[in-house]
Amino acid sequence: MNLLLGQNRRYSVLYVVNKPVRGKIREHYPTQIGVWECMDGRTRMESATEMPAGILQSWENGGARFDLRWPHFQTSFMDWYGHARKNGRPCVVLVSWHRSRSNVHLGCKAHRYDDAAAEALARAQVKELWSRFKEDDGKRHLYPIEVCLETDSETMIFQRRKDSATLDVSGLEILSQPEAQKRLQGFYPDVPPCVLDDLLATIIAGNIRHIQKVRSMGRTVEECDHCESIIAVGRGLEWLDKRAFIIGPFDPRFPDMVETAAKIVLENFHKGTVDVAGGAMLLASTPFRECLGRPGREMAGLRASSLLDTAHTVIKERVPDLVPHLRYTIAGTVSNDTRRFLPVDVVRQGQS
Ligand SMILES: [Zn+2]
């Protein structure tokens with residue numbers, strides 16, 4: 001647990017130190033970027049695009065499944081959208097799905113490894129966002145874009161809304177900036193060039209740097225597999241790395257998502273992709289605004305404890321074989337201002 005808290009401390013220090021960097025990025029590239037992504041630890045877009053903490057706003061759920069009818073999800077999403085609209089900033093939502101080039105069973109378990117189903121859902125979600133986020137005068141502030149993350153190489157592959165055309169970021173690697181701009185504008189003629197230029201300078205440039213690093217590692221197939229031992233539920237969890245599933249609190253099928261994640265962690269122990277001796281961890285987190293003082297922090301702590309209880313009950317009832325492996329259950333709060341995680345309820349469980 002100390003390792004985990006240390007990881008959060010480092011992330012928080014960087015987040016605080018990088019405040020001027022975030023300011024500069026927002027000033028030069030005003031497009032606000034959100035990501036709908038899978039709970040799968042291998043699919044963190046912040047890591048795949050090498051963006052400094054706090055630039056991307058992500059929502060996580062099993063299979064990157066989101067529904068604008070879910071009340072709390074809609075509130076969270078509209079808060080984000082409203083902030084950008086008020087400040088005159090365009091929004092891009094990366095509606096993501098993931099697959100593995102080398103092995104279909106390294107794809108999305110929440111979609112039963114069915115790449116076509118994962119893509120069809122992303123496509124439907126893009127279509128809905130495109131149709132609902134049009135103003136009365138026909139203008140729009142939000143551009144949904146489908147993107148597949150190929151997890152072996154962590155390459156982003158953009159998909160066009162109206163047909164099956166794809167644009168692999170690795171194909172932009174050798175192009176000059178004007179050539180890449182032209183290519184992207186030709187691919188997305190209905191997205192303003194200034195928005196595409198912002199994407200190119202931020203997430204696409206970051207993904208190009210990232211895939212070059214991944215390529216130089218020469219990963220084995222085993223290294224492309226799941227390695228999660230942490231099931232994290234709630235919000236404010238971007239500081240966790242690929243060892244964690246992150247499950248947002250929005251989906252009415254939240255227990256099913258926790259069950260899927262718990263089964264994969266158990267499989268990871270059985271397959272040996274994760275060391276059994278290290279044990280598993282269940283973590284719940286709720287963010288709070290420091291301007292709400294102690295009561296705000298207390299309320300966030302209560303919500304985190306409730307989420308933890310729900311997730312723990314799901315694991316005990318549906319994946320009981322994981323229970324002896326659970327080393328810690330932790331509920332905590334995360335400051336929106338510093339991204340610092342503060343544990344409020346830590347229980348050390350029996351050891352495996
Ligand atoms: Zn997935």
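Two exercises on a predicted model follow, each with a worked solution.

Residues are numbered from 1 along each chain as its sequence is written, and side-chain values use heavy atoms, without hydrogens and water. Because the model is predicted, local features need pLDDT of at least 70 and side-chain atom pairs pLDDT 80 or more, while totals for chains, interfaces and linings use all residues.

**Exercise 1. Judge the overall form of the protein chain.**

Step 1. Take the radius of gyration, computed over C-alpha atoms; the globule rule is 2.2 Å times the number of residues to the power 0.38. For 352 residues, a compact globule would have a value near 20 Å; the protein chain has 20 Å, so the two agree.

Step 2. Check the box. Along the principal axes, the C-alpha atoms fill roughly 60 × 50 × 35 Å.

Step 3. Check burial (buried: under 20% relative accessible area, 1.4 Å probe, protein chains only). Buried residues are 53% of the 352.

**Exercise 2. Locate the largest nonpolar core.**

Step 1. Define the core: buried Ala, Val, Leu, Ile, Met, Phe, Trp, Tyr and Cys residues joined through side-chain atoms within 4.5 Å.

Step 2. Find its hubs. The largest core has 32 residues; Leu94, Met156, Phe158, Ile203 and Ile204 touch the most other members.

Step 3. Trace the suppliers. Elements giving at least two residues each include strand 3 (91–99), strand 5 (155–159) and helix 7 (193–217). Helix 7 gives the largest share, seven residues.

Step 4. Inspect one hub. Beyond four places in sequence, Ile204 touches Phe158, Val169, Leu172, Leu184 and Leu199.

Step 5. Look elsewhere. Another core, of 30 residues, lies apart and includes Cys38, Val258, Val314 and Leu326.

Notes
Buried < 20%, exposed > 50% of the residue type's maximum accessible area, 1.4 Å probe, protein only. Helix = DSSP H or I, 4+ residues; strand = E, 2+ residues; numbered from the N terminus. Contact = heavy atoms within 4.5 Å.
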